[in-house]
Amino acid sequence: MAVISETIPGTRNSLTRLWNNQQARSVIIQILTVAIVFALLALILRNVVNNLEAIGKEFSFKFLMYPAAYDITFSPFIEYTSRSTHLRAAVVGILNTLLVAVCGIVLATVMGFLMGILRLSKNWLINRLVYCFLEFTRNVPVLLHILFIHGIIVTQLRPPRQAMNFADSFFLSNRGFFIPQPVWEPIAWIIAVVFIVSVTFVFFFRRWAKKVQDETGRVYPVFWISAGVIVGATAVAFIATGMPLSWSIPELRGFNFKGGLAIKPEFIALWLALSYYTSCFIAEIVRAGILAVSYGQTEAAAALGLTRNRTLQLIVIPQAIRVIIPPLASQYLNLTKNSSLAIAIGYMDVVATVGGITLMQTGKEMETMIIVLLTYLVISMVISGFMNWFNKKTALVER
Amino acid sequence: MIEKLKPEPAIQSSKDASKIIIEITGMHKWFGAFHVLKNINLKVSTGERIVICGPSGSGKSTLIRCINRLEEHQEGKIVVDDVELTGDLKNIEIIRSEVGIVFQQFNLFPHLTVLENCSLAPIWVRNMAKAEAEDLALKYLERVQIPEQAKKYPGQLSGGQQQRVAIARSLCMNPKIMLFDEPTSALDPEMIKEVLDVMVELAETGVTMLVVTHEMGFATAVADRVIFMDEGEIIEQKPPNEFFQNPEHDRTKLFLSQILAH
Amino acid sequence: MAEATETYKVGQHPDLPPPRSEVGVIGWVKYNLLSTPFNVIMTLLAIWFLWSIIPPIFEWAVLDSVWTAESRKACWAKMEVPEGAACWAFIKDRIGLFIYGFYPADLRWRVNLSFVLMVLAIVSVLYENMPGRKFGLWYAVAFPFITGWLLVGGLGLTHVDTDQFGGIMLTFIIGITGISFSLPIGILLALGRRSKLPVIRVLCVLIIEFIRGVPLIALLFIASTMLNYFLPPGTAFDLLLRVLIMVTVFSSAYIAEVIRGGLQGIPNGQYEAADSLGLTYTKAHLLIILPQALKISIPGIVNTFIGLYKDTTLVLIIGMLDPLGVGRASLADAVWAGLAREVYIFVAVFFFICCFSMSRYSLWLEKRLSTEN
């Protein structure tokens, strides 16, 4: 108030009048808000500067260029050694976050849709079984799931020498899951080309089939033809080029496996736990989405003589999907944010690398936390941007 | 009300010669332990127009929903157009494509335009070309007098318009039988007439119609036969004049006195 | 049955029982388990699955389990097959730690008293028909402060350091503080987000979306490493308080979104009615809008609380000992090490009981609300 009476000359009476003017009042409130927010920010900034000065730190991102001097055992995409920079460590962390998030989203979606559909099953026993699993899982903290799965892998599984052996090529041990890695001969590019060509062909075939249906009414079994072409053409190319594929099969050397693809226990634990935990929420979303399409819609479609599959394809799914997608996107976001719990089991995601070891080594709390926060904010913005776009695109037209 | 009748509808005897299109014998249905339909026997000839009335909960809707197997019956026999309704899915799909139904709640597909609502089944069930199906849809939309709404979505239409679209959607399949399940019950009074007008016009084309309704004016104007149901039984069935003037059964009299009172 | 019906007079057909195969046990099994060949297979699979997991789990957890022993070795020695069953003796031995953390044993009556006060506060918030509810609500508002004093001490009570807090007690402290302080902040943020004033709206949207866009663990890291930078030099306060602030800020954003949903559910007519009575913005909201909006938001608030309650386990990452943290710390003890399953199952069951009953409560509320309207 004091500020205003200085800037606005006049008696208390005119001030009251100003306050009672709706427009003036809203301007005053907004100016005050801005002033308070800036004052607070300035205060915080001053404190930060003072505090940093007091302990002799400076605010800069130069540390990113210094060698990180710590190991990251899991960097599937880019080369990383302990001589790499902190920046590189950050990139590895971000990529690892994205990797577990994307893998988790895929598995959670598959499991979630499956369980959601099973929850709608008329089979009482299956329905109850899934319900019990869902309720138990989602009412227990996700961190506990992660620690539990990790604990099982590390303590219950045997060391590599006594690993569980599946057909001499898959090995499950407490050092991780070792699977054969495909090794392609150079000629394999032909297969890739054939695959891409067949996908392109299918794309145009579908458009053509739609056109034919529009013009003549003939309906092709589009799905089966598409699947047949892609699988068939790729298989033929594979055989014709002389099967240019060999497998690098993991082999026990000393105390660990060599060759093949090693999936670390931390990744498996985080991936599985995040996936099945999130899938429980997705299952409920899917169930609710399908139930949201009133039974009258299915009846009306059936009464017109549409088959059950066509009713699903043309009536139920298009309507259910617009109910399902928005909460589904926010579950994806939750999964991504929950992947930050990686640090509890030592999976090197962005929180564990930048926000963990780099922070400890350099003491750059501010700078590292800014990187971590920005990473998640960008992911959130991408997902919610998609959600808004989707909502706008599919909103039902009402009066 | 009864005095203001139109001339007597087509005489019953002329229909007798024609083919029986629906035949229901000794049909029973239960919802759980509740006995909804009891020993239903009904024969409908091609081109016949039947109005079914009765108090709520008397099983009228369930009866007509059994005819295209939206409800399953547990005992007895239903034969529609020489095909008996059993669990056979193919038979059911064939019957459903020949029997149209109009619901109380319209049940239009909200994510499709009016035109798409109408052309959907011709395209996917009758394998019609899109342009042809749309022409057909427009033709029937003209018949229900809303061709100008073709590009709109159901949510943008009034209740009466939506119900007329629903009728057009059924007609696009060129059905042999049209079922109406209380088509005007969910409508505001001023919209009832526009739907009834369409139905009266439809009746003149000679399609077989079974209509569950409380619109007694419609019954007297259009029906060849009025069926009165109560507690899951068919109590009485007569041509409308006889039905309204000398109902036989006490329950019919009671029902008529209640419904005509206002 | 069909023949019998022929003899009934019109209008006198009695209700007959449905065919035997349609109702009762047979009908139920037919419809719910064996309706199609696919369903028969699914039923068999489900039975096989249950048969193969339930008896072993029951044997492990109940029949063969050991309830009294001094160490893991003693436990396993009592079993027919070592490691073949649960050793609940471990949990029994550590139950004090699981409930009170390292709270001094002779002062635990203060924690117990707080639990009793908490139950009273919860009852007076949830039970609408309680006599003197208005008084009860004021008590519920005062409850966090009373308990804070009781637990930390001062003003005549022996002081207890907050780093001695732990276990279930810590879960309750963080959960309840988080929810009770985030409610008012959440309401303000929600109102701000719906404000007609662009500056306030944008500010609230930014705050809400920022918090919802980052993981709680990042905020907890900020609390544990850099919150002190924001404060005037020399002011340091304890970790628990910093965590409580962050948890409150975190859940405020989620509560705000729930309440915004509730506000959107209020029909426009209510605003118009309030305006036409000449009520000011504040009065209209306090008297008309908020009571209704809060009521329809309760299920959402409870769900947010469940999420927050589960998230309290995250504090173990910054070194605090919630039940899960206590469990992990106990596993490091050589006497008991190796009993991870027992610990995780115990903690999981604890959280399940709390969260499941809360979610049932919110479902029940939702049902009651939808029948009321």
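pLDDT is the predictor's confidence in each residue, on a scale from 0 to 100. That score matters here, since this is a predicted model. In chain C, residues 1-5 stay under 50 in pLDDT, and the model has eight contacts for them beyond four places in sequence.

## Confidence

The complex as a whole receives an ipTM of 0.88 and a pTM of 0.86 from the predictor. Chain C has a mean pLDDT of 86, with 98% of its residues at 70 or more. Chain B averages 87, and 93% of its residues score at least 70. Chain A averages 86, and 96% of its residues score at least 70. Within chain A, the elements range in mean pLDDT from 44 for helix H1 (residues 2-7), the lowest, to 94 for helix H9 (residues 265-292), the highest. The start of chain A scores poorly too: pLDDT is below 50 over residues 1-10, a stretch with three contacts in the model beyond near neighbours in sequence. In chain B, residues 1-16 stay under 50, and the model has 23 contacts for them beyond four places in sequence. Where pLDDT is low, the predicted coordinates should not be read in detail.

## Domains

Chain A is assigned three domains: domain 1 (2-54), domain 2 (86-180 + 249-394) and domain 3 (186-248). Domain 2 of chain A is written as two segments. The C-alpha centres of domain 2 and domain 3 of chain A are 30 Å apart. Chain C is divided into domain 1 (19-64) and domain 2 (90-103 + 160-369). The C-alpha centres of these two domains of chain C are separated by 40 Å.

## Where chain C meets chain A

How many residues does each chain bring to this contact? Chain C gives 53 and chain A gives 52. Together they bury about 4600 Å², and carbon and sulfur atoms give 75% of that area. On the side of chain C, the residues that lose the most area to chain A are C:Tyr229, C:Lys310 and C:Tyr344, together 15% of what that side buries.

Charge plays a part as well. Side chains of opposite charge can pair when their charged atoms come close. The count between chain C and chain A is one salt bridge. A:Glu135 and C:Arg360 form a salt bridge through their side chains, at 3.8 Å from N to O. Across this interface there are also 16 residue pairs in polar contact, with both residues at pLDDT 80 or more.

Several helices of chain C each supply at least two residues to the side that touches chain A, among them H2 (24-32), H3 (37-63) and H13 (281-311). Helix H15 of chain C gives the most, with ten residues. By class, this side of chain C has 39 nonpolar, eight polar and six charged residues.

## Where chain B meets chain A

Here the contact takes 32 residues from chain B and 29 from chain A. The two chains bury about 2600 Å² between them, with 62% of it on carbon and sulfur atoms. B:Phe109, B:His111 and B:Trp124 supply 25% of the area that chain B buries against chain A, more than any other three residues.

The count between chain B and chain A is one salt bridge. Side chains of A:Glu299 and B:Arg65 meet in a salt bridge, at 2.3 Å from N to O. Six residue pairs are in polar contact across the interface, both residues at pLDDT 80 or more.

Which elements of chain B give two or more residues to the side that touches chain A? They are helix H3 (89-98), strand S6 (99-102), helix H4 (114-124) and helix H5 (130-143). Helix H4 of chain B has the largest share, four residues. By class, this side of chain B holds 19 nonpolar, eight polar and five charged residues.

## Salt bridges

Over all chains, the count comes to 29 salt bridges. Three of them are listed here.

| Acidic residue | Basic residue | N to O distance |
|---|---|---|
| A:Glu135 | C:Arg360 | 3.8 Å |
| A:Glu299 | B:Arg65 | 2.3 Å |
| B:Glu98 | B:Lys176 | 3.9 Å |

The pair B:Glu98 and B:Lys176 links distant parts of chain B, 78 residues apart. B:Glu98 sits in helix H3 of chain B, whereas B:Lys176 lies in the loop between helix H6 (159-171) and strand S7 (177-181).

Key: Residues are numbered from 1 along each chain as its sequence is written. Chains are lettered from A and ligands numbered from 1 in the order in which they are written. Side-chain values use heavy atoms; hydrogens and water are left out. Domain bounds come from an automatic or database domain assignment. Contact means heavy atoms within 4.5 Å. Buried area is the accessible area (1.4 Å probe) that two parts lose on being put together, summed over both. A salt bridge is a side-chain nitrogen of Lys or Arg within 4 Å of a carboxyl oxygen of Asp or Glu. A polar contact is a pair of N or O atoms within 3.5 Å; within protein, one must be able to donate a hydrogen and the other to accept it, and residues adjacent in sequence count only if both atoms are side-chain atoms. Ala, Val, Leu, Ile, Met, Phe, Trp, Tyr, Cys and Pro count as nonpolar, Asp, Glu, Lys and Arg as charged, and the others, Gly among them, as polar.
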